[in-house]
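Me: I'd like a close look at one part of this structure, with whatever surrounds it. Could you walk me through it in one go?

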Amino acid sequence: MIKIVRVNEDCKERLITLKRYTGIQNWNVLCRWAFCISMADKTKVPSIDKKGEVGVEMTWRVFAGDLGDIFLALLHRRCKEEEIEINEKNLNEQLWLHLHRGLGHMVANKDFKNDASVFGKTPITLLRMTQ
């Protein structure tokens, strides 16, 4: 089980950028988007060095909210598909990698800056990225 969700300083800077462009003030909401966007990407998440200090830290409950069981099931399924042993260490690592990749996709997609939707300031572009 995942107890604490952490991202490094690089991801914190991405979150700050996303907060500024989207108006979404809660990092957990942006991290949920990032997770979903990365999970929608069917390619294997690249393994990268987790170097750097912890930039943002939140409990699993804060990160996942009422969707905790669903997010965990998605992560388990993805690990099984990629033949990654399901244990606490690997789940934490895979979550970190998916958050890192998802935040990268979000920041790299410049269309979201000016693409306000009927749902408030959440860009339609971010919604499309999860499809």
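The part I mean is the surroundings of K44: is K44 buried or exposed, and which residues is K44 in contact with once its neighbours within four places in sequence are left aside?

Reply: K44 is exposed, because its relative accessible area is 57% and the cut-off for exposed is over 50%. Keep in mind that this is a predicted model. K44 sits in the loop between helix 2 and strand 2 (54–59). Once you set aside its neighbours within four places in sequence, K44 is in contact with E82 and R101. H98 belongs in the picture too: K44 and H98 are 54 residues apart along the chain, and their C-alpha atoms are separated by 9.7 Å.

Let's follow E82 first. E82 forms a salt bridge with R78, with the closest N and O atoms 2.8 Å apart. Both R78 and E82 are buried, whereas K44, a contact of E82, is exposed at 57%.

Right after E82 comes E83, placed in the loop between helix 4 and helix 5. E83 is exposed, since its relative accessible area is 74% and anything over 50% counts as exposed. Its backbone deserves a glance as well: phi of E83 is near 55°, a positive value in a residue other than glycine. Most residues other than glycine have a negative phi.

R78 also leads back to helix 2 (residues 27–40), by way of S38, which lies in that helix. S38 is buried, with a relative accessible area of 0%. Leaving aside its neighbours within four places in sequence, S38 is in contact with R78, H98, R101 and G102. So R101 turns up in the contacts of S38, and R101 is also a contact of K44.

Now for the two helices on the other side of these contacts. Helix 4 and helix 5 (residues 88–108) have their axes 11 Å apart and pack at an angle of about 100°. That makes helix 4 roughly perpendicular to helix 5. On the helix 4 side, the residues that meet helix 5 are L72, L75, H76, R78 and C79. Their partners in helix 5 are L91, Q94, L95, H98 and R101. R78, H98 and R101, which are among the residues where these helices meet, are also among the contacts of S38.

Staying with helix 4 (residues 68–81), there is another salt bridge, between R77 and E81, with the closest N and O atoms 3.2 Å apart. R77 and E81 are 4 residues apart in that helix, so about one helical turn separates them. R77 is exposed, with a relative accessible area of 53%, while R78, the next residue along, is buried.

Helix 4 also holds I70, which makes a nonpolar surface patch of about 240 Å² together with L67 and L74. Just before that stretch, the side chains of D66 and R61 meet in a salt bridge, at 3.6 Å from N to O. D66 counts as exposed at 71% relative accessibility, and R61 does too, at 55%. The total for the model is 6 salt bridges, including R78–E82, R77–E81 and R61–D66.

Helix 5 has one more link to follow, through N92, whose place is in that helix. N92 counts as partly exposed at 22% relative accessibility, because buried means under 20%. Apart from its neighbours within four places in sequence, N92 is in contact with I2 and I4. N92 and I4 are 88 residues apart in sequence, yet 8.4 Å apart in space from C-alpha to C-alpha.

Stepping back to the whole chain, there are 6 helices and 2 strands, and from the N terminus on they run β-α-α-β-α-α-α-α. Of the 131 residues, 45% are buried. If you take contacts between residues at least 6 apart in sequence, 74% of them join residues at least 24 apart. The accessible surface comes to about 7,400 Å², with 52% of it belonging to carbon and sulfur atoms.

Back at K44, then: an exposed loop residue in contact with E82 and R101. E82 is paired with R78 in a salt bridge, and R101 is one of the helix 5 residues that meet helix 4.

Terms used. Residues numbered from 1 in each chain as written. Predicted model: local features only at pLDDT ≥ 70, side-chain atom pairs only at ≥ 80, totals over all residues. Heavy atoms only, no water. Buried < 20%, exposed > 50% of the residue type's maximum accessible area, 1.4 Å probe, protein only. Contact = heavy atoms within 4.5 Å. Salt bridge = Lys/Arg side-chain N within 4 Å of Asp/Glu carboxyl O. Patch = residues over 30% accessible without salt bridge, like charges linked within 9 Å, V, L, I, M, F, W, Y side chains within 5 Å. Areas by Shrake-Rupley, 256 points an atom, 1.4 Å probe, with all protein chains shown as cover. Axes fitted to C-alpha atoms, helices over the stretch in contact; angles between N-to-C directions. Parallel < 35°, antiparallel > 145°, perpendicular 65-115°, else oblique.
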